[in-house]
Amino acid sequence: MRADASELWLSANQRALAGELARLAVRLEAAAGRGTAESAAEPEPIQPPAAIHHLADVFSLTPGERDILLLAAGAELDSRLARLCGEAQGLNQPAAPTFSLALAALAAPHWSALHPNAPLRHYRLLRLQPG
């Protein structure tokens, strides 16, 4: 039995997301003092585009904003990322990512992503937590 196009895309999309999270893990390991971020390569694009790329297009996210969103979601989806977030922040336990961590670890973050009218906050893709 052949898989239909939607099943093929779902599988490719899942691999693309796993590749994006692996790329962020390399950057977090570098921020924690283990390894270098140069090996953090972008995953191969798929057609139709992966959901994260479609989301970035729909909400006009910059690459830095896309990575901030991936970091926030990734820490919830992948316990390894949560652990690496903690290590990169000098903690011995899993932790939520912070904007400070994103600015230090990601390739193209910018403080403008915090602005209330920037897409991440304007469309409530992320909410700032006190603390």
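A residue is called buried here when its relative accessible area is under 20%, and exposed when that area is over 50%. This is a predicted model. Of the 131 residues of the protein, 36% are buried by that cut-off.

**Overall build**

The protein has 6 helices and 0 strands. Along the sequence, the pattern reads α-α-α-α-α-α. The radius of gyration is 15 Å, close to the 14 Å that the globule rule gives for 131 residues, so the protein is as compact as a globular protein of that length. The C-alpha trace spans about 50 × 35 × 25 Å along its principal axes.

Contacts reach across the sequence. Among those between residues at least 6 apart, 59% join residues at least 24 apart. The accessible surface comes to about 8200 Å², and carbon and sulfur atoms account for 55% of this surface. The protein carries 11 positive and 13 negative charges, and the mean positions of the two sets are 4 Å apart.

**Helix α4 and its surroundings**

Helix α4 covers residues 79-88. Its buried residues are Leu81, Ala82, Leu84, Cys85 and Gly86. What covers them includes α1 (5-31), α3 (63-77) and α5 (99-105).

Which residue caps the N-terminal end of α4? Asp78 does, with a side-chain oxygen 2.9 Å from the backbone nitrogen of Arg80. After the helix comes Gly90, whose phi is positive, near 80 degrees.

Arg80 also has a partner in α1. Glu29 is found in that helix. The side chains of Glu29 and Arg80 are joined by a polar contact of 2.7 Å. Beyond its neighbours within four places in sequence, Glu29 is in contact with Arg34, Arg80 and Leu84. Leu84 is one of the buried residues of α4.

**Glu20: buried or exposed?**

Glu20 is another residue of α1. Its relative accessibility is 1%, so Glu20 counts as buried. The side chain of Glu20 makes a polar contact with the side chain of Arg23, at 2.6 Å. Leaving aside residues within four places in sequence, Glu20 is in contact with Glu42, Pro43, Ile52, His53, Arg66 and Leu70.

**Loops and backbone details**

Pro48 lies in the loop between α1 and α2 (51-58). The peptide bond leading from Gln47 to Pro48 is cis, with omega near -15 degrees.

Pro109 sits in the loop between α5 and α6 (119-122). Its relative accessibility is 18%, which means Pro109 counts as buried. Not counting residues up to four places away in sequence, Pro109 touches Gly64, Ala102 and Leu103. Pro109 and Gln14 are 95 residues apart in sequence, and their C-alpha atoms are 24 Å apart in space.

Two residues have a positive phi although they are not glycines: Ser60 and Arg124. The table sets them out.

| Residue | Phi | Location | Relative accessibility |
|---|---|---|---|
| Ser60 | about 55 degrees | loop between α2 and α3 | 57%, exposed |
| Arg124 | about 55 degrees | segment after α6 | 69%, exposed |

**In brief**

The protein is built from 6 helices and 0 strands. Helix α4 has its buried residues covered by helices including α1, α3 and α5. Asp78 caps the N-terminal end of α4, and Arg80 makes a polar contact with Glu29. Glu20 is buried at 1% relative accessibility. Ser60 and Arg124 are exposed.

Notes
Residues are numbered from 1 along each chain as its sequence is written. This is a predicted model: local features need pLDDT of at least 70, side-chain atom pairs count only at pLDDT 80 or more; totals for chains, interfaces and linings use all residues. Side-chain values use heavy atoms; hydrogens and water are left out. Helices (H or I, at least four residues) and strands (E, at least two) are DSSP runs, numbered from the N terminus. The radius of gyration is taken over C-alpha atoms; the globule rule is 2.2 Å times the number of residues to the power 0.38. Buried means under 20% relative accessible area, exposed over 50%, partly exposed in between (1.4 Å probe, protein chains only). Contact means heavy atoms within 4.5 Å. Accessible areas come from the Shrake-Rupley method with a 1.4 Å probe; for residues, only the protein chains shown count as cover. Lys and Arg count as positive and Asp and Glu as negative; His and the chain ends are not counted. The place of a charge is taken as NZ of Lys, CZ of Arg, CG of Asp or CD of Glu. A polar contact is a pair of N or O atoms within 3.5 Å; within protein, one must be able to donate a hydrogen and the other to accept it, and residues adjacent in sequence count only if both atoms are side-chain atoms.
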